[in-house]
Amino acid sequence: LDDMLKSVTPDQARGRDVTVREVLDTVAGRIDDELADAPAVEATVRLILGQTYHELGAFTEAATMLEQAAAIHANMGLETAETAQIYRTLGGARLAQEDLDAAEEDFDRALAIARAAEGAESDSVLAILNQRGQILYRRGQFEEVAATLREVIRIFAARYGESSRELQSARGNLGMVLMQSGARDEADQLLTGAHDWFLREDGPASSMVLALLDGRASIAVERGDFDQAVALSREALERCREHFGPRHPEVADTLFMYGTRLASGFRTADAEPVFREAVSIREEHFGPDSLPVAEVLGRLGPVLSDLHRIDEALAVQERALSIYRQHEDASAIRFGWTLHGYALTLLDARRFAEARVAEEEAIALLSEPYSADSSQVLILRGTLAFIDQSAGDFRAARAAHQEVVAARQDLLGPDHPDTVLSQLCVAECEFGLGDIRIALQQLEAVVPRAAHAYGADSAMGAGARAWLALARLQDGAACAARPPAEAAYRFYHDAATATAVERVYAAALVAAAAHEPGAGDVPAVQALLVQRPAILAAASEPNAGDWRLGYAAFTAGRLGAASEDPVVTAALLDYGARLLADYFGPDHPLSRAAAEARATFATAAAPEP
């Protein structure tokens, strides 16, 4: 200790700012020589250094130091309270490295030794049980860990009252478990109470306050309040940087959660740099093929897909999945969510069969820890239904969406964003089946709720308005179709993340509404006609199979049928009719309208005998 302190004096430091890590590394290098004749002291020093390395986020060095301390105790035949502390700290280091099996083995050794040395309900035993619960949590064994934590809380509360740190920590952990189990109200109460206690005791930047702040953000996500979730996560990140410094693993953890909340709120452009910074820090600490890196890559992939960088997204996700498959002890929860994100990207790539396989594997992985009717698995079941919908199997998709709607209404309530999304999908399937009136009735009811749930200026709100406009057009209500069409067009025109297909589709809806008798003037029609060559050129792009592009082509061809360019008009009508028939089927009203427009134009354009 004397040498450690001297190393930061001006004589030794010689003008440098000496870091704690430098001091630790210097002392660690001298232990073998200077304490060879005092093994018990050496073990204690290694425990202290291991604990400090752990706090600094140097988990590999911590594990090495603690393994050596454990070996010394084993050679000396010691099984004391300090031995239990060595194994407990070693288990924490393994847990941070995602080595769950080794961490569980270390915690179990610590438990056995602590029970023998200090008693079955000693503070040490309860603290180890509290920490060991993190392994069960990551494996999705929520009922088991909740029961253990409730017993720990009962004993601590009876022994110490509200003043126990371990009691408040256990309450926070129980809150996280209950949130995953769907008991949001009790979870929120536990997390808020523990957060306020640690805030009073430790100040705003302590590790526990930051962890509990993140838990409260998770509750906000579960309630569908993405703005609050983002605000809480941003606050946690700012405090975390201040408390730990810019490159600590805790900062990477907080960045990961912040990026997740941004992505959940459809702020994907903001989420990308956050995830990339988290990847960089975790690669630095854990290596490029580690499970912590795979976890972030699994969330980065869908963000890149939402930004329409499909090939890049697939490469990132396939790298993450490869890492998970290399580790037999990988968390089923994290593996499952990565598969879910991969399925979404395959869906964007229009690789429907592969997307379905990936989503079914994700559901199988996540149904065991969460249960089939949990809010988490319902997300995946909704996605599986949407894959069928995107592939044109509207009947199967409608039935699956209706099941998800019923489950979400019971679990989340009728106005939760997830419930509203599923109801919107049911309406889209009704439209796909040709039941325009039923679809329109459902859309009239759900579109205002989508704007409320997701925000008036959100991508989800714009997509819902586009569907409403299309249904009104097909029902012959062109004047009523124009306001939602123009609202969708304004969003897609201004949004940096909007695709060319979304913009031209919305323009086609506005033009179709403006062209109908009594709907007003026709500048929108002229604007769409200008884009006719661009629409046709898109037929050779990767998104050429998107039915919305087909609708834009059909509309541009129909409205420009009297133009001086019959070759382009014919090509647009052919392309539009083919895409609409491929997606909706040849007997759908929209497909029939496109086929009739093509036939009418072909007859009119045919040369006279």
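Which side chain meets that of glutamate 166 in a salt bridge? The partner is arginine 88, with an N to O distance of 3.8 Å. Glutamate 166 sits in helix α11 (residues 165–181) and arginine 88 in helix α7 (residues 81–96), so this pair ties together parts that are 78 residues apart in sequence. We will come back to the two residues below, after a look at the whole chain.

## The model as a whole

Please keep in mind that this is a predicted model. The protein has 32 helices and zero strands. Computed along its principal axes by calculation, the C-alpha trace spans about 110 × 55 × 40 Å.

Of the 609 residues, 53% count as buried. The surface that the protein exposes comes to about 26400 Å², and carbon and sulfur atoms supply 52% of that area. As for contacts, take those between residues at least 6 apart in sequence: 61% of them join residues at least 24 apart.

## Charges and salt bridges

On the charged side, the protein carries 55 positive and 92 negative side chains. The centres of these two sets lie 3 Å apart. Side chains of opposite charge can pair when their charged atoms come close. A search of the whole structure turns up 38 salt bridges.

Back to the opening pair, then. Is arginine 88 buried or exposed? With 19% relative accessibility, arginine 88 counts as buried, the cut-off being under 20%. Glutamate 166, on the other side of the bridge, has a relative accessible area of 24% and is partly exposed.

## Two bridges within helices

Two further salt bridges each stay inside one helix. In helix α16 (residues 268–286), arginine 276 and glutamate 272 are four residues apart, which means about one helical turn separates them. Their side chains meet at 3.0 Å, N to O. Arginine 276 is partly exposed, with a relative accessible area of 35%, whereas glutamate 272 is buried at 13% relative accessibility.

Helix α20 (residues 352–370) holds the other example: arginine 356 and glutamate 360 are again four residues apart, or about one helical turn. The salt bridge between their side chains has an N to O distance of 2.4 Å. Here both partners are partly exposed, arginine 356 at 27% relative accessibility and glutamate 360 at 37%. Beyond such pairs, salt bridges with shared partners join Asp253, Arg282, Glu295 and Arg334 into one network.

## A buried histidine

Histidine 73 has its place in helix α6 (residues 59–76). How much relative accessible area does histidine 73 have? The value is 2%, so histidine 73 is buried.

Which residues are in contact with histidine 73, leaving aside its neighbours within four places in sequence? They are Ala43, Leu78, Thr80, Glu82, Thr83 and Ile86. For a sense of scale, consider arginine 395, which is 322 residues from histidine 73 along the chain. The C-alpha atoms of histidine 73 and arginine 395 are separated by 66 Å.

## Aromatic pairs

A pair of aromatic rings is described by the distance of the centres and the angle of the planes. The count for this model comes to 18 aromatic pairs. One of them joins phenylalanine 394 and phenylalanine 584, whose rings are stacked, with 5.9 Å centre to centre and 15° between the planes. This pair links distant parts of the chain: phenylalanine 394 belongs to helix α22 (residues 394–412) and phenylalanine 584 to helix α31 (residues 566–584), 190 residues apart. Both phenylalanine 394 and phenylalanine 584 are buried.

Phenylalanine 431 and tryptophan 467 make an edge-to-face pair, at 5.5 Å centre to centre and 75° between the planes. Distant parts of the chain are linked here too, with phenylalanine 431 in helix α23 (residues 417–432) and tryptophan 467 in helix α25 (residues 459–474), 36 residues apart. Phenylalanine 431 and tryptophan 467 are both buried. The four residues of these two pairs belong to one aromatic cluster, formed by Phe394, Phe431, Trp467, Tyr505, Trp547, Tyr551, Phe554, Tyr583 and Phe584.

Notes. Residues numbered from 1 in each chain as written. Predicted model: local features only at pLDDT ≥ 70, side-chain atom pairs only at ≥ 80, totals over all residues. Heavy atoms only, no water. Salt bridge = Lys/Arg side-chain N within 4 Å of Asp/Glu carboxyl O. Buried < 20%, exposed > 50% of the residue type's maximum accessible area, 1.4 Å probe, protein only. Contact = heavy atoms within 4.5 Å. Areas by Shrake-Rupley, 256 points an atom, 1.4 Å probe, with all protein chains shown as cover. Lys, Arg positive; Asp, Glu negative; His and termini not counted. Charge placed at Lys NZ, Arg CZ, Asp CG, Glu CD. Phe/Tyr/Trp six-rings, centres within 6.5 Å; stacked < 30°, edge-to-face > 60°.
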